[in-house]
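Could you walk me through this structure in the viewer, one selection at a time? I would like to know what to click next and what I will find there.

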Amino acid sequence: MAGAGYKPRRVAIVHYWLVGMRGGERVLERLLRLYPGADIFTHVYVPDRVSGFIRSHTVKTSFIQKLPGAARLYQRYLPLMPLALEELDLSGYDLVISSESGPAKGVIADPDALHVCYCHSPMRYLWDNYHEYRASSGRLARLAMPLLMHRLRRWDVSSAQHIDLIAANSGFIRQRVHRAWNREAEVIFPPVAVDEFAPTRERGGYYLWLSQMTPYKRADLAVEAFNRLKLPLLVVGDGEMARAVEKMAGPTITFRKRLDFAGLKKAYAECRALVFTAREDFGMVPVEANASGRPVIAFGAGGALDTVVPGESGMLFAEQTVDSLVDAVERFERTEADFSPDRCIANARRFAPERFDAAFTALVDRGFASR
C-alpha cells in the first residue's frame, strides 16, 4: 500500500507523439520538471523537432516508430495505436502519467501503480469532430472510417475505465471527458509561461489576431469583421487558410506569417486588444495577451470561458459570427479605458506554472493516499 506522503520511485510519462512543440509538449516539459527522473513513452519521436530539455530524457517508442513514413504519416497508423500502447512494457513503474490528446492512456500499468491521465482533449477525430474529419478525407478513408472509428471509440471508452484519476485542462474538456468516457475529471489548467511576457506603455493602435491558419481558428471571421469596422488588425499566422484569408482582406489588415519571440512579445504588449475567434480546448494565447497587460475579445465558448473574465480581463461575444464580433469590438471601443493592465496581469497569474505544479502534485498525492 502506498499511503499518504508516498513518493513514487519510478515514473513513466506516456505522450501521444513527439513531432513538434505545441501546448501538449509544454505540459510534458513541466511534468518532466516535477518528475525529473521520469521516462517518456510515445508512438513517434522526431528528436530535432522537440526541445533539448525533452531530448535530455529517456524516450522509448512504440512499434509505430518503425513503420514506413511514421515521422510524417503517424496519424494514418491510428488504428494500430491501441495495440502499440498495450505492447509497451511499464513493469516496475509505480506512477504512470498519460498525456492524452492522441492515444496515450491505453497502456497496461502494473496493478499497484497509480495511473493519472492529463487530458488535453478526448480524441477529436473519434468524437466531436468526427464528421468534419471524415468529410475532408479521401474516398478510401471515408469508406473505412465508420468501422475503424466505431471500434476505436469502444476501445477509447474501455481504456478510460482503467485510469485512476483524470485531470482536464479546462471546464470545457471536463465536460467532454464526461460525455465521451462517462468519467469525472478535475480541472487543472495547463502551465503558461506568464513571466516571459510584460506590459509596455507603447501602443501600436492595432488589434491583434494570432494563431494557425486552420479552418476552426476562424481567421476569416476576424478579417471580415475588421473590414467592416475599418480598424487596423494585425494577423499573425500561417497555414492552409492563409491565402484565402489574405484575399479577403481590406486595406486596414496587415499580415505576418510568423514573429520571433521578441516580436511576439512586442505585438502582444502594444496591441489594443487580442481578438480570439476560435473555440479552443484551452487556448494559451489569451493568457499570454493578458500577461502582457492587454485585454481579450474572445468567442464565448470552450477554454475562453475559463481564461477570460468579462469586464476584468476582456469581453466575450456570444456567436461565432461577423455581426457578433463587430458588436463586441464596438463595445470595447466605448469601454477600452475601463480595462486595467494590472487586472489583466493578475488574471494571467492564475495560469502560472507553479499553480499547475501545486494542483497536479496534490492530485497525485491524493491518489497515493487513497490506496
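Start by selecting Glu270, a residue that is buried, with a relative accessible area of 13%. Keep in mind along the way that this is a predicted model. Now add Lys266: its side chain forms a salt bridge with Glu270, and the closest N and O atoms are 3.1 Å apart. Both residues belong to helix α10 (residues 261-270), where being four residues apart separates them by about one helical turn.

Next, pick Arg272 and Glu336. Their side chains meet in a salt bridge, 2.6 Å from N to O. Arg272 sits in the loop between α10 and β11 (274-276), while Glu336 is in the loop between α13 (322-335) and α14, so this pair ties together parts that are 64 residues apart in sequence. Which of the two partners is buried, with a relative accessible area of 17%? That is Arg272; Glu336 is partly exposed, at 24%.

For a pair that spans more of the chain, select Asp195 and Arg349. Asp195 lies in the loop between β7 (186-187) and β8 (207-210), and Arg349 in the loop between α14 (341-348) and α15 (353-369), 154 residues away. How far apart are the closest N and O atoms of this salt bridge? They are 2.4 Å apart. Color by accessibility and you will find Asp195 exposed, with a relative accessible area of 62%, and Arg349 partly exposed, at 28%.

Salt bridges can also join into a group. Select Asp238, Glu246, Lys257 and Arg258 together to display a network of them. Across the whole structure, a search finds 22 salt bridges.

Time to go inside. Show the side chains of Tyr207, Phe226, Leu233, Ile297, Leu325 and Val329: these have the most contacts inside the largest nonpolar core, which has 30 residues. Which elements each supply at least two residues of this core? They are β8, α8 (219-229), β9 (233-236), α9 (242-248), β12 (296-299), β13 (314-317) and α13. Of these, α8 gives the most, with seven residues.

Center the view on Tyr207 and list its neighbors. Leaving out residues up to four places away in sequence, Tyr207 touches a dozen-strong list that you can click through: Phe226, Leu231, Pro232, Leu233, Leu234, Arg272, Ala273, Val275, Ile297, Val329, Phe332 and Glu333. Arg272, which you met in the salt bridge with Glu336, is among these contacts.

Then move to a second, separate core of 28 residues, which includes Tyr16, Val46, Ile64 and Val96. Stay with Tyr16 and select Glu25, which touches Tyr16 as well as His15, Trp17, Leu18, Gly20 and Ile54, not counting residues up to four places away in sequence. Glu25 lies in helix α1 (residues 23-34). Is Glu25 buried or exposed? It counts as buried, at 4% relative accessibility. To try the distance tool, click the C-alpha atoms of Glu25 and Leu165: they are 21 Å apart, for residues separated by 140 places along the chain.

Finish on the surface. Select Phe63, Leu80 and Leu83, which make a nonpolar patch of about 240 Å². Phe63 is in the loop between β3 (59-61) and α3 (70-73), and it is partly exposed, with a relative accessible area of 31%.

How values were computed: Residues numbered from 1 in each chain as written. Predicted model: local features only at pLDDT ≥ 70, side-chain atom pairs only at ≥ 80, totals over all residues. Heavy atoms only, no water. Salt bridge = Lys/Arg side-chain N within 4 Å of Asp/Glu carboxyl O. Buried < 20%, exposed > 50% of the residue type's maximum accessible area, 1.4 Å probe, protein only. Core = buried A, V, L, I, M, F, W, Y, C linked by side-chain atoms within 4.5 Å. Contact = heavy atoms within 4.5 Å. Patch = residues over 30% accessible without salt bridge, like charges linked within 9 Å, V, L, I, M, F, W, Y side chains within 5 Å. Areas by Shrake-Rupley, 256 points an atom, 1.4 Å probe, with all protein chains shown as cover.
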